[in-house]
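Biologist: Please take me through one part of this model in close detail, and then say what surrounds it. Keep the cut-offs explicit.

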Amino acid sequence: MPVSFTVHSGKSNVRYPRNALSTAMPARYISPMNEPGEGLALLRNDMTNPFVKLHVSILIAGFTGIFGKLITLQAGPLVWYRMLFTSVLFLAYLWLAKKMPRIPLREAVKIACIGAIVASHWVCFYGSIKYANVSIAVVCFALNGFFTAIFEPVANRKSVSVREICYSLITVCGIALIFHFDTQYRTGILLGVVSAALAALYTVGIRRIGKSHSATSIFLYQMTGGFTLLTLLAPAYLAVFPETVAAPSAMDLVYLLLLSSICTIGLFILQIQALQKISAFTVSLSYNLEPIYSIVLAMILFGEAKELGAAFVAGLVCIAISVCLQSLSAVRQMRAAPSA
């Protein structure tokens, strides 16, 4: 699952080229193609369009679970290598670009602690995939909203939103339905639920410290922080799971490099570029599509449709209803905000 970053979006105007999104855009935003070379120029514009970048990033995020299934390593070593490769590659990028961030040690330690939460979240998420499958893992991640609705008011010393809790409880019912009937996936579901709770904890934590630091600093120090935690815990992990294979195969190395470079660093860069032009609200709402992409990809690549029964479908419907209700509520609040 992707990791969200708090970035202030810009106010610059966006010109929407003729593309797949154009059907939803008013005609005044679409320029007609009259010149012979305009089609090629329009294709280039498509690649720089923030909405195209946003949906490419969502599709890439959908592949994080797919790589978790393809990589044969257990969850612990998988995340350790992912954070190692990501840290090294991102440090190399920053060094070549001469953009190395400098922040006080105390602040770096705070961000590194948030990175430890990210590492724990990823271990549980990939553990859910290993013990169940991709579809179960991403469906359980929908509980992120439920835990956030509890953790955030507690952290900010505010009252809990009854509406958010009620919407999230529909998701809880969906997960409970799957858990009760699909008994073979119970361990995977439990790990998925813990993964969602850790993701919500990360969201609350990053909002508290993210406003005073650049996204680059946050990304770098949380990756290195997560890697450090897993390195320190490696002896204990190997003692509990002595059969763990620590060395990746040649194919695993290829998948890990793709996961680290494209699905972690590339995803981060696309998110930042999209957030410079699009509001954080729109980006957050659009990422509700990620589980759908992951499930469809898992069904195509791994035939998971054969493994999932009626209980999963019923649970998925409950979760979809919950997401739709939360999205509609968020849209209403956003529209009402200016007049308040």
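Modeller: Gly-309 sits in the loop that links H12 and H13; helices here are DSSP runs of H or I with at least four residues, strands are runs of E with at least two, and both are numbered from the N terminus. The model is predicted, so local features need pLDDT of at least 70 and side-chain atom pairs count only at pLDDT 80 or more, while totals for chains, interfaces and linings use all residues. Residues are numbered from 1 along each chain as its sequence is written, and side-chain values use heavy atoms, with hydrogens and water left out.

Gly-309 counts as partly exposed because its relative accessibility is 28%; buried means under 20% relative accessible area, exposed over 50%, and partly exposed in between, with a 1.4 Å probe and protein chains only. Its C-alpha atom is 9.0 Å from that of Ile-178, although 131 residues separate the two along the chain.

On one side of this loop is H12, residues 290–302, which holds Leu-301. Leu-301 is partly exposed, since its relative accessibility is 49%. Together with Leu-289, Ile-292, Val-296 and Ile-300, Leu-301 makes up a nonpolar surface patch with about 450 Å² of accessible area. Such areas come from the Shrake-Rupley method with a 1.4 Å probe, and for residues only the protein chains shown count as cover. Patch members have over 30% relative accessible area and no salt bridge; nonpolar side chains (Val, Leu, Ile, Met, Phe, Trp, Tyr) are joined within 5 Å, like charges within 9 Å. A salt bridge is a side-chain nitrogen of Lys or Arg within 4 Å of a carboxyl oxygen of Asp or Glu.

On the other side, H13 covers residues 310–336 and includes Gln-326. Gln-326 is partly exposed because its relative accessibility is 26%. Beyond its neighbours within four places in sequence, Gln-326 is in contact with Tyr-167, Ser-168 and Thr-171, where contact means heavy atoms within 4.5 Å. The C-alpha atoms of Gln-326 and Arg-163 are 8.9 Å apart, with their positions 163 residues apart along the chain.

Thr-171 belongs to helix H7, residues 162–181. With a relative accessible area of 1%, Thr-171 is buried. Not counting residues up to four places away in sequence, Thr-171 touches Ala-142, Leu-143, Ile-319, Ser-322 and Gln-326.
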